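Here is a friendly briefing to read beside the model. Keep the viewer open and follow along topic by topic.

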Amino acid sequence: MRKTERHFVEDGPNALRQIYKTVSPWKGVKNFIFIQIARYCPALELKNWIYRRILHMKVGRDTAFGLMVMVDVFFPEKITIGRNTVIGYNTTILAHEYLIREYRLGEVVIGDEVMIGANSTILPGVTIGDGAVVAAGSVVHRDVEAGTFVGGNPLRTIERKNP
């Protein structure tokens, strides 16, 4: 089970239509602009600077984000990524999900020396342990133990390394 906080919304439009009751529209605009700069930027150190200093993510030393990685626009500060980790091309990392009558927020923790394959989606409230590998195109909807190779949708364990 993912670790998310559930917040119920009042009657009326769905939770996504009420998003600016939960987050400043100016924060959303600022974050969107800087995330788009980082997505297209080939300079890894500049990307990490944007993630750390402007979006307030916790990003470890020597971590690399591939082109087109999309981090959560509204709650990037809920994302922590360890050292020497690779986030593959066009991966999406979400710390929120807006539903009909509720929205959920959850910390995303990605450990040290983790490899996230291209075009993966990481949902809110998951922890990916040190040394784990996520195959390309996977949807990470649950925690991944350290040293485990996972993949697919639904996510399944492919191999476990011995400690």
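Which residue just after H2 takes a positive phi? That residue is His56, with a phi of about 60 degrees. The model is predicted, so local features are given only at pLDDT of at least 70 and side-chain atom pairs only at pLDDT 80 or more, while totals for chains, interfaces and linings use all residues. Residues are numbered from 1 along each chain as its sequence is written, and side-chain values use heavy atoms, with hydrogens and water left out. Helix and strand labels are DSSP runs numbered from the N terminus (helices are H or I with at least four residues, strands are E with at least two).

**The helix pair H1 and H2**

- Helix H1 covers residues 25-40 and helix H2 covers residues 44-54; their axes come within 9 Å and cross at roughly 160 degrees. Axes here are lines fitted to C-alpha atoms, for helices over the stretch in contact, and angles between N-to-C directions run from 0 to 180 degrees.
- H1 is therefore roughly antiparallel to H2, a label for angles over 145 degrees (under 35 is roughly parallel, 65 to 115 roughly perpendicular, and the rest oblique).
- The crossing of H1 and H2 is left-handed, meaning that the near helix is turned anticlockwise from the far one by less than a right angle.
- On the H1 side, the contact (heavy atoms within 4.5 Å) is made by Lys30, Phe34, Ile37, Ala38 and Arg39. H2 contributes Lys47, Ile50, Tyr51 and Ile54.
- Sorted by type, the residues of this contact are six nonpolar, no polar and three charged. The nonpolar class holds Ala, Val, Leu, Ile, Met, Phe, Trp, Tyr, Cys and Pro, the charged class holds Asp, Glu, Lys and Arg, and the others, Gly among them, are polar.
- Within H2, the residues Lys47, Asn48, Ile50, Tyr51 and Ile54 are buried. Buried means under 20% relative accessible area, exposed means over 50%, and partly exposed lies in between (1.4 Å probe, protein chains only).
- The cover over the buried residues of H2 includes H1, strand S2 (58-59), strand S3 (64-65) and strand S4 (70-71).

**Two open sheets**

- One open sheet has three strands in the order S1-S9-S8, with antiparallel pairing. Strands count as paired if DSSP finds at least two bridges between them.
- Its edge strands, each pairing on one side only, are S1 (5-8) and S8 (96-98). From one strand to the next, the twist averages 15 degrees.
- S1 and S9 (residues 102-105) run antiparallel and are joined by four bridges; among the partners, Phe8 is matched with Glu102 in S9.
- Another open sheet has four strands in the order S4-S7-S12-S15, with parallel pairing. Here S4 and S15 (139-140) are the edge strands, each pairing on one side only.
- Two bridges connect S4 with S7 (residues 92-93), and these strands run parallel. Val71 is opposite Ile93 in S7.

**Strand S16 and its neighbours**

- S14 (residues 133-134) runs parallel to S16 (residues 148-151), with two bridges between them. Val133 has Phe149 as its bridge partner in S16.
- Val133, in strand S14, is partly exposed at 27% relative accessibility. Not counting residues up to four places away in sequence, Val133 touches Met115, Thr148, Phe149 and Val150.
- Tyr98 is 35 residues from Val133 along the chain, and their C-alpha atoms are separated by 28 Å.
- S16 is also joined to S17 (residues 156-160), by four bridges in an antiparallel arrangement, and Val150 stands opposite Thr157.
- S16 and S17 form a hairpin with four residues between them, and Gly152 in the turn has a positive phi of about 100 degrees.

**Backbone details to check**

- Most residues other than glycine have a negative phi, and most peptide bonds are trans.
- Asn153 to Pro154 is a cis peptide bond, with omega near 10 degrees. Pro154 sits in the loop between S16 and S17.
- Met68 is not a glycine, yet has a positive phi of about 70 degrees. Met68 is in the loop between S3 and S4 and is buried, at 15% relative accessible area.
- Glu113 also has a positive phi, near 50 degrees. Glu113 lies in the loop between S10 (108-110) and S11 (115-116) and is partly exposed at 44% relative accessibility.
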